[in-house]
Amino acid sequence: MPAEAKTAAKAAQPAVRAAQPATPPLTERQEARRRRILHASAQLASRGGFDAVQMREVAESSQVALGTLYRYFPSKVHLLVATMQDQLAHMHGTLRKKPPAGDTAAERVAETLMRAFRALQREPHLADAMVRALTFADRSVSPEVDQVSRQTTVIILDAMGLDDPTPAQLSAVRVIEHTWHSALITWLSGRASIAQVKIDIEMVCRLIDLTDPDTQS
């Protein structure tokens, strides 16, 4: 992860996280197991959406015991929200290989979010499953939801080219994130077209110009 992404991730984390005990890092074997679980989750969701992701089937497909699966992910909602974070991380890697080409930060962020949106559009069942999980998530899923939010924040700040965002810029990023997630929901429910999503994303990205210290008197 580049230095600016690390800075952004730290800046975006709520202060309460500092009071929580650190989670021990996974061993190489545990990380491989977790990767298999997330891959199985994504495959099942791609074929049949939220309802197709059954914990027993995920365990069988990833070749782990059902009890082990529940130790990693206490519920299907936990699993699918973690799957969304994993998908966003993969998109981030792809975006870094081919950065957005817009002249302004607002244009680059809009292009980045639309590229991410189109990637989800190619897997509508998977997108629907992950967004439904985010919608259903309660407080017990807060760590996984926070990971999704932080990953989205890093993607946006990378597109902006910022290594030291101001509080106003981070606030704008949060509003952009909310709009993007809302656009996903309205598109998945058939209440918004791709064209409308693009208009909304481009509109909200104008907040970046309003919070740029170099353009403020």
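When two helices are compared in this tour, the axis of each is a line fitted to its C-alpha atoms over the stretch in contact, and the angle between two axes runs from 0 to 180 degrees between their N-to-C directions. With that in mind, please remember throughout that the model on your screen is a predicted one.

**The whole chain**

Begin with the whole chain in a cartoon view, where you will find 11 helices and 0 strands, so that reading along the sequence gives the pattern α-α-α-α-α-α-α-α-α-α-α. Of the 217 residues in the chain, 44% are buried. If you consider the contacts between residues at least 6 apart in sequence, 74% of them join residues at least 24 apart.

**First stop: α2 and α3**

Select α2, residues 28-48, together with α3, residues 55-62, and turn the view until you can follow both axes, which come within 8 Å and cross at roughly 125°. Because of that angle, α2 counts as oblique to α3, and the crossing in which α2 passes α3 is right-handed. To see where the two helices touch, show the side chains of R36, I37, A40, S41 and L44 in α2, which meet E57, V58, S61 and S62 in α3.

**Second stop: α2 and α7**

Keep α2 selected and add α7, residues 124-136, whose axis comes within 6 Å of the axis of α2 and crosses it at roughly 110°. This angle makes α2 roughly perpendicular to α7, and the crossing is right-handed. The residues to display here are A42, A45, S46, R47 and G48 in α2, which meet H125, L126 and A129 in α7.

**Third stop: F50 and its surroundings**

Now select F50, which is found in the loop between α2 and α3. Is F50 buried or exposed? Its relative accessibility is 9%, and because buried means under 20%, F50 counts as buried.

Leaving aside residues up to four places away in sequence, F50 touches K76, L80, A129, R132, A133 and F136, so you may wish to show these side chains together with its ring. A distance drawn between the C-alpha atoms of F50 and L126 should read 7.6 Å, although these two residues are 76 residues apart along the chain. Next, look at K76, whose charged end sits over the ring of F50 at 4.0 Å from the ring centre.

**Fourth stop: aromatic pairs**

A pair of aromatic rings is described by the distance of the centres and the angle of the planes. The structure holds 3 aromatic pairs, and one of them is formed by F50 and F136, an edge-to-face arrangement with 5.4 Å from centre to centre and 80° between the planes. This pair links distant parts of the chain, since F50 lies in the loop between α2 and α3 while F136 belongs to helix α7, 86 residues apart. Whereas F50 is buried, F136 is partly exposed, with a relative accessible area of 45%.

Move next to Y72 and F73, which form another aromatic pair, this one tilted, with 6.5 Å from centre to centre and 35° between the planes. Both Y72 and F73 are buried.

**Fifth stop: α5 and α8**

Select helix α5, residues 76-97, and helix α8, residues 142-160, which pack at an angle of about 15° with their axes 8 Å apart. That angle makes α5 roughly parallel to α8, and α5 passes α8 in a left-handed crossing. On the α5 side, the residues that meet α8 include H78, V81, M84, Q85 and L88, while on the α8 side those that meet α5 include E144, V145, Q147, V148 and Q151.

**Last stop: two loop residues**

Finish with two residues that lie in loops. What is the accessibility of L162, a residue found in the loop between α8 and α9? At 18% relative accessibility, L162 counts as buried, and its C-alpha atom is 9.3 Å from that of A105, although the two residues are 57 apart in sequence.

The other residue is Q63, in the loop between α3 and α4, which counts as exposed at 68% relative accessibility. If your viewer can display backbone angles, you should find that Q63 has a positive phi of about 60° although it is not a glycine.

Technical notes:
Residues are numbered from 1 along each chain as its sequence is written. This is a predicted model: local features need pLDDT of at least 70, side-chain atom pairs count only at pLDDT 80 or more; totals for chains, interfaces and linings use all residues. Side-chain values use heavy atoms; hydrogens and water are left out. Rings of Phe, Tyr and Trp (its six-membered ring) pair if their centres lie within 6.5 Å; planes under 30 degrees apart count as stacked, over 60 as edge-to-face and the rest as tilted. Helices (H or I, at least four residues) and strands (E, at least two) are DSSP runs, numbered from the N terminus. Buried means under 20% relative accessible area, exposed over 50%, partly exposed in between (1.4 Å probe, protein chains only). A charge sits over a ring if NZ of Lys or CZ of Arg is within 6 Å of the ring centre and within 35 degrees of the ring normal. Angles under 35 degrees count as roughly parallel, over 145 as roughly antiparallel, 65 to 115 as roughly perpendicular and the rest as oblique. A crossing is left-handed if the near helix is turned anticlockwise from the far one by less than a right angle, and right-handed if clockwise. Contact means heavy atoms within 4.5 Å.
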